[in-house]
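I opened the model today to work through its fold and then to follow a couple of residues by hand. These are my notes, in the order in which I looked things up.

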Amino acid sequence: MPSYLIGLLTMELNEENVMKVLEELTPYIEADGGWLEFVEIEHETNFVKVRLGGACSTCAMSAITLKQGIESKLTHEIPDCYGVVQVL
C-alpha cells in the first residue's frame with residue numbers, strides 16, 4: 001500500500017474515534033450479557049481506559065475479550081492507541 005494512503009485509512013486518537021470503534025464492538029458484548037463503557041484516553045501513555053460490566057464483570061474470559069477483542073480492534077483502527085486498560 002502506498003504510504004500516502006496509510007493516514008487516510010486510520011483514525012486519529014481522540015474521544016470521538018474511540019467511541020466509534022467501541023460502538024462497533026458493543027453489540028457483541030451485549031449479546032453475552034455485558035456492557036462496555038469508555039472512561040478516558042490517558043494521553044501521557046496513549047492508552048484507552050474502559051469499564052466492562054454486567055456479565056463481563058464476573059466472566060473469566062473478560063481479560064481475553066479486553067486484549068484480543070477490544071484492544072486489537074482499537075489499535076488496528078487507531079494506530080496511536082497503544083493499548084486498553086480495564087478500570088473498575
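The entries below go from confidence and overall fold to the sheet, the helices and two single residues.

**Entry 1, confidence.** I began with reliability, since this is a predicted model. The protein chain has a mean pLDDT of 91, with 90% of its residues at 70 or more. I then looked up where the confidence is lowest and where it is highest: helix H1, residues 3–9, has the lowest mean, at 56, while strand S1, residues 34–42, has the highest, at 97.

**Entry 2, overall fold.** I counted three helices and three strands in the protein chain, and on reading along the sequence I noted the pattern α-α-β-β-α-β. The chain has 88 residues, of which 34% are buried. For the surface I noted an accessible area of about 5,600 Å², with 55% of it belonging to carbon and sulfur atoms. Among contacts with a separation of 6 or more, I found that 49% are between residues 24 or more positions apart.

**Entry 3, the sheet.** I traced the three strands into an open sheet with the order S1-S2-S3 and mixed pairing. S1 and strand S3 (83–86) each have a single partner strand and stand at the edges, so one side of each is left without a neighbour in the sheet. Direction ignored, neighbouring strands of this sheet are turned by 30° against each other on average. Looking at the pairing of S1 with strand S2, residues 47–54, I noted that the two run antiparallel and are joined by eight bridges. Within this part of the sheet I marked Glu37, which stands opposite Arg51 in S2.

**Entry 4, helices on the sheet.** I next checked which strands the helices lie across. Helix H2, residues 15–31, lies across S1 and S2 and runs at about 160° to S1, whereas helix H3, residues 62–77, lies across S1, S2 and S3 and runs at about 145° to S3.

**Entry 5, Val21.** I picked Val21, which is found in helix H2, and asked whether this residue is buried or exposed. Val21 has 0% relative accessibility, so it counts as buried. Leaving out residues up to four places away in sequence, I listed its contacts as Met11, Lys73, Leu74, Glu77 and Ile78. I followed Ile78 further: in sequence it is 57 residues from Val21, yet the two C-alpha atoms are 8.9 Å apart in space.

**Entry 6, Asn46.** I then turned to the loop between S1 and S2, where Asn46 lies. Its backbone caught my attention, because Asn46 is not a glycine and still has a positive phi, of about 60°. Why does Asn46 count as buried? Its relative accessible area is 18%, and the cut-off for buried is under 20%, so Asn46 falls within that class. What does Asn46 touch, not counting residues up to four places away in sequence? I found Leu13, Asp80, Cys81, Tyr82 and Gly83. For Asp80 I also looked at the polar atoms, and noted that its backbone oxygen lies 2.9 Å from a polar atom of the side chain of Asn46.

Key: Residues are numbered from 1 along each chain as its sequence is written. This is a predicted model: local features need pLDDT of at least 70, side-chain atom pairs count only at pLDDT 80 or more; totals for chains, interfaces and linings use all residues. Side-chain values use heavy atoms; hydrogens and water are left out. pLDDT is the predictor's confidence in each residue, from 0 to 100. Two strands pair if DSSP finds at least two bridges between them. Axes are lines fitted to C-alpha atoms, for helices over the stretch in contact, and angles run from 0 to 180 degrees between N-to-C directions. Contact means heavy atoms within 4.5 Å. Buried means under 20% relative accessible area, exposed over 50%, partly exposed in between (1.4 Å probe, protein chains only). A polar contact is a pair of N or O atoms within 3.5 Å; within protein, one must be able to donate a hydrogen and the other to accept it, and residues adjacent in sequence count only if both atoms are side-chain atoms. Accessible areas come from the Shrake-Rupley method with a 1.4 Å probe; for residues, only the protein chains shown count as cover.
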